[in-house]
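Dear colleague,

I am handing over the structure we discussed, with the sequence and the model placed below. My findings follow directly after it, and I would be grateful if you would read them with the structure open.

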Amino acid sequence: MTDTTIFGKIIRRELPADIVYEDEELIAFNDIAPQAPVHVLFVPKTPIATLNDLQPDQAAIVGKLAHAAAAYAQRKGFAEDGYRIVMNCNGHGGQTVFQLHLHLLAGAPLGRFGTPR
């Protein structure tokens with residue numbers, strides 16, 4: 001399967017991005033429409049459309065995304081103050097790019113979470 005999403009294009013370097021982390025399995029870059037002073041997207045290089053599409057043999061990728069986000073927060077010095085990680089799934093969950101990804105939000109008090117609009 002070829003990933004035709006904007007994230008796939010970033011992974012293949014077809015589109016520019018402010019990449020802040022990369023290894024063999026993951027890439028992370030600053031969000032172009034940040035919702036907090038720090039808003040980094042952690043994306044697996046394997047195309048997986050949504051959390052619903054994650055197969056049992058791919059489950060470790062979610063832990064790797066979370067671990068990479070936590071390590072980034074520690075490296076950048078805001079882990080102690082706190083941060084939020086979020087994964088959206090499908091339209092009602094707020095997912096707009098259909099490639100599994102994790103949002104890392106930090107840099108200011110984020111307030112309560114989960115109030116419907």
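Searching the whole structure, which is a predicted model, gives four aromatic pairs. In one of them, the ring centres of F7 and F29 lie 5.5 Å apart and the ring planes meet at 65°, so this pair is classed as edge-to-face. The pair joins distant parts of the chain, since F7 belongs to helix α1 (residues 6–11) and F29 to strand β2, with their positions 22 residues apart in sequence. Both partners, F7 and F29, are buried.

A further pair is formed by F42 and Y72, whose ring centres are 6.1 Å apart and whose planes stand at 70°; this geometry is therefore edge-to-face. Here too, distant parts of the chain are linked: F42 sits in strand β3 and Y72 in helix α2, 30 residues apart. F42 is buried, as is Y72. Ring pairs also connect F42 and Y72 with F78 and Y83, so that the four residues form a cluster.

The helix that carries Y72 deserves a closer description. Helix α2 comprises 17 residues (residues 60–76), for which a rise of 1.5 Å a residue predicts a span of 24 Å; the C-alpha atoms at its ends are 24 Å apart, in agreement with that expectation. Its buried residues are I61, L65, A68, A69, Y72 and A73. These residues occupy an arc of only 135° around the axis, which means that they share the same side of α2. An α-helix has 3.6 residues a turn, so residues three or four places apart point the same way. On the other side of α2, the exposed residues are A60, H67 and Q74.

Which strands help to cover the buried residues of α2? The cover includes β1 (19–22), β2 (26–30), β3 (38–44), β4 (83–86) and β5 (102–106). After α2 comes G77, which has a positive phi, near 85°.

The loop between β3 and α2 contains L54. Apart from neighbours within four places in sequence, L54 makes contact with I48, A59, I61, V62 and L100. I61 is thus both a contact of L54 and one of the buried residues of α2. From the C-alpha atom of L54 to that of A68, 14 residues away along the chain, the separation is 18 Å.

As regards the overall architecture, the protein contains two helices and five strands, arranged from the N terminus in the order α-β-β-β-α-β-β. A compact globule of 117 residues would be expected to have a radius of gyration near 13 Å, and the 14 Å of this protein agrees with that. The C-alpha trace spans about 40 × 30 × 25 Å along its principal axes.

Of the 117 residues in the protein, 36% are buried. Taking contacts between residues at least 6 apart in sequence, 51% join residues at least 24 apart. The accessible surface amounts to about 7200 Å², and carbon and sulfur atoms account for 53% of this area.

With kind regards

Definitions and conventions: Residues numbered from 1 in each chain as written. Predicted model: local features only at pLDDT ≥ 70, side-chain atom pairs only at ≥ 80, totals over all residues. Heavy atoms only, no water. Helix = DSSP H or I, 4+ residues; strand = E, 2+ residues; numbered from the N terminus. Expected span 1.5 Å × (residues − 1). Buried < 20%, exposed > 50% of the residue type's maximum accessible area, 1.4 Å probe, protein only. Arc of directions from axis to C-beta. Contact = heavy atoms within 4.5 Å. Phe/Tyr/Trp six-rings, centres within 6.5 Å; stacked < 30°, edge-to-face > 60°. Rg over C-alpha atoms; globule rule 2.2 N^0.38 Å. Areas by Shrake-Rupley, 256 points an atom, 1.4 Å probe, with all protein chains shown as cover.
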